[in-house]
Every structure is written in C-alpha cells, then in structure tokens.
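User: I am new to this structure and would like a close look at one part of it. Could you walk me through the nonpolar core and then place it in the chain as a whole?

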Amino acid sequence: MTGIVVAVDEKSGKVRVQFPDRDDLVSDWLPVMQEFCVGNQQYRLPDEQTQVAVLMDENYEAGVVLGAIYSDCDPPPVTNRDLYYRRFKDGTVIQYDRAGHKLTADVKGEIDARADVQAVITSPLVKAVATIKVVHDTPLTECTGNLSVAGGITCVGSFGASGGKIVTPGDIESSGGDVKDRTRSMAADRTIYNGHIHVDPQGGNTGQPSQGM
C-alpha cells in the first residue's frame with residue numbers, strides 16, 4: 001500500500017501513515033525499515049507529507065514502512081542512473097558519480113571528522129582552498145619534501161625555551177628582499193660598513209674600506 005506520513009516519533013523510530021484510498025484511514029505507529037539496527041546501526045526517518053510504501057496486515061492494524069517513493073508532486077531530484085545522490089533539507093548534497101569517478105559533498109554547515117588513531121589521505125594532488133585561513137592545531141608539522149611559499153612567513157610563539165626561530169642546515173637566501181633582525185637590516189649594515197671610517201692614531205681619519213660588504 002501507499003500512504004502519506006502524518007506523524008513522526010523520533011524516539012521510537014516510528015511513523016503514522018494516512019491512506020487516502022482507504023477513506024483517509026490513519027494507521028497506528030508503524031516501524032520504519034532500517035538497513036541495520038543491531039551492532040551496526042542506521043537511523044533515518046521520513047518527514048511528514050512524505051509518500052511511503054507500507055506493508056500492512058489484512059486488518060490494517062500492524063505493518064512496516066518499507067521506504068519513501070517519488071510521486072508527481074515530489075519527482076526524483078536527478079535523472080542519472082550512475083549517480084548515488086542524497087540531498088538534505090538544508091541544501092547539503094552528497095553524491096557519487098560512478099561514471100565520472102567523482103565524489104562530491106556540498107555541505108551547508110560544519111564538517112566535523114574524527115579519527116581515534118590516524119587519518120591518511122593518499123592522492124597525486126591534495127588542494128585546500130579557504131577564504132579566511134587554514135589552521136593546523138598540532139604540536140608539530142612535518143614536511144618530508146620541499147616547501148614552496150608564494151606569500152610571506154611569520155614565525156611567532158616559542159621554540160624550546162626561546163622565541164620563535166627558523167633552524168636549517170642549508171642556506172637562507174633572499175632573491176629580491178632584505179634580511180632584518182630587531183636592530184636593522186643587512187642592507188643598512190652594508191651602508192654603515194661601506195662608509196665607515198676610524199680615527200687614525202697618526203692623526204686624521206682612515207679612509208673607507210677598500211672592499212665593500
């Protein structure tokens with residue numbers, strides 16, 4: 001039989017169904033068929049006004065809701081047999097295209113994924129796009145390969161008992177900028193060194209260095 005859900009009991013996982021072709025008879029509370037319920041578990045309930053298929057006994061006293069079915073008023077949201085598609089009331093969409101080999105999730109709220117041991121993502125290319133920022137809340141971040149930064153780097157906080165620092169066994173090179181500490185830049189040091197003079201014990205002053213820095 002087919003009917004319309006008119007009430008939902010979230011605690012028991014049951015619904016009441018109205019049957020328009022049975023003089024609008026309203027059923028007792030009927031369980032909704034789930035894929036798992038012991039060990040592995042699943043929880044899903046249809047909303048009110050959803051058209052459902054129901055298996056009832058001959059006296060219309062007991063039965064089970066087999067699932068929701070589409071109608072002229074509520075047609076399928078997609079028409080592609082290669083898609084696994086799920087859309088939620090808030091607009092969130094999760095789908096997998098088996099022909100295009102693509103999993104897509106458009107989440108309108110927050111994503112919270114937790115792993116008790118470790119999480120591993122293996123891919124030729126992993127790209128994270130954030131309009132504000134990406135936060136790595138971890139005691140240590142390791143890059144086993146090269147690191148290329150198109151923008152600036154700011155180092156704050158602490159490293160051991162000292163302030164933020166950059167430690168490398170290789171060279172630190174600036175191709176177009178300057179290197180500065182809390183006193184002045186290396187370019188300013190060069191200006192001072194290349195133009196400095198000393199008092200000559202024999203009288204007068206020495207000349208500027210013959211070899212500039």
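Analyst: Here is a walk through the core, followed by its surroundings and the overall chain.

A word on the basis first: this is a predicted model, in which local features need pLDDT of at least 70 and side-chain atom pairs count only at pLDDT 80 or more, while totals for chains, interfaces and linings use all residues. Residues are numbered from 1 along each chain as its sequence is written, and side-chain values use heavy atoms, with hydrogens and water left out.

Let's start with the core itself. A nonpolar core is a set of buried Ala, Val, Leu, Ile, Met, Phe, Trp, Tyr and Cys residues joined through side-chain atoms within 4.5 Å. Buried means under 20% relative accessible area, exposed means over 50%, and partly exposed lies in between (1.4 Å probe, protein chains only). The largest such core has 10 residues: Val5, Val15, Val17, Phe19, Leu30, Val32, Val52, Val54, Met56 and Val65. At least two of its residues come from strand 2 (14-19), and at least two from strand 5 (51-56). Strands (E, at least two residues) and helices (H or I, at least four) are DSSP runs, numbered from the N terminus. In soluble globular proteins, nonpolar side chains tend to be buried together.

Met56 is a good member to zoom in on. With neighbours within four places in sequence left aside, Met56 is in contact (heavy atoms within 4.5 Å) with Met1, Phe19, Ser27, Leu30, Glu61, Ala62 and Gly63. Phe19 and Leu30 are themselves listed in the core.

Next, look at Val6, which sits in strand 1 (residues 2-9). Val6 counts as partly exposed because its relative accessibility is 34%. Not counting residues up to four places away in sequence, Val6 touches Arg16, Val17, Gln18, Val26 and Glu48; of these, Val17 is a core residue. From Val6 to Thr79 there are 73 residues in sequence and 28 Å in space, C-alpha to C-alpha.

Two loops in this region are worth a glance for their backbone angles. Asp24 lies in the loop between strand 2 and strand 3 (25-26), and its phi is positive, near 60 degrees, although Asp24 is not a glycine. Asp24 is partly exposed, at 45% relative accessibility. Tyr60 is in the loop between strand 5 and strand 6 (63-68) and also has a positive phi, about 55 degrees. Tyr60 is partly exposed too, with a relative accessible area of 28%. Most residues other than glycine have a negative phi.

Now step back to the whole chain. There are 11 strands and 1 helix, and from the N terminus on the strands precede the helix. The chain has a radius of gyration (taken over C-alpha atoms) of 35 Å, whereas a compact globule of 213 residues would have one near 17 Å, by a rule of 2.2 Å times the number of residues to the power 0.38. Its C-alpha atoms fill a box of roughly 125 × 40 × 25 Å along the principal axes. Of the 213 residues, 10% count as buried. Among contacts with a separation of 6 or more, 25% are between residues 24 or more positions apart.
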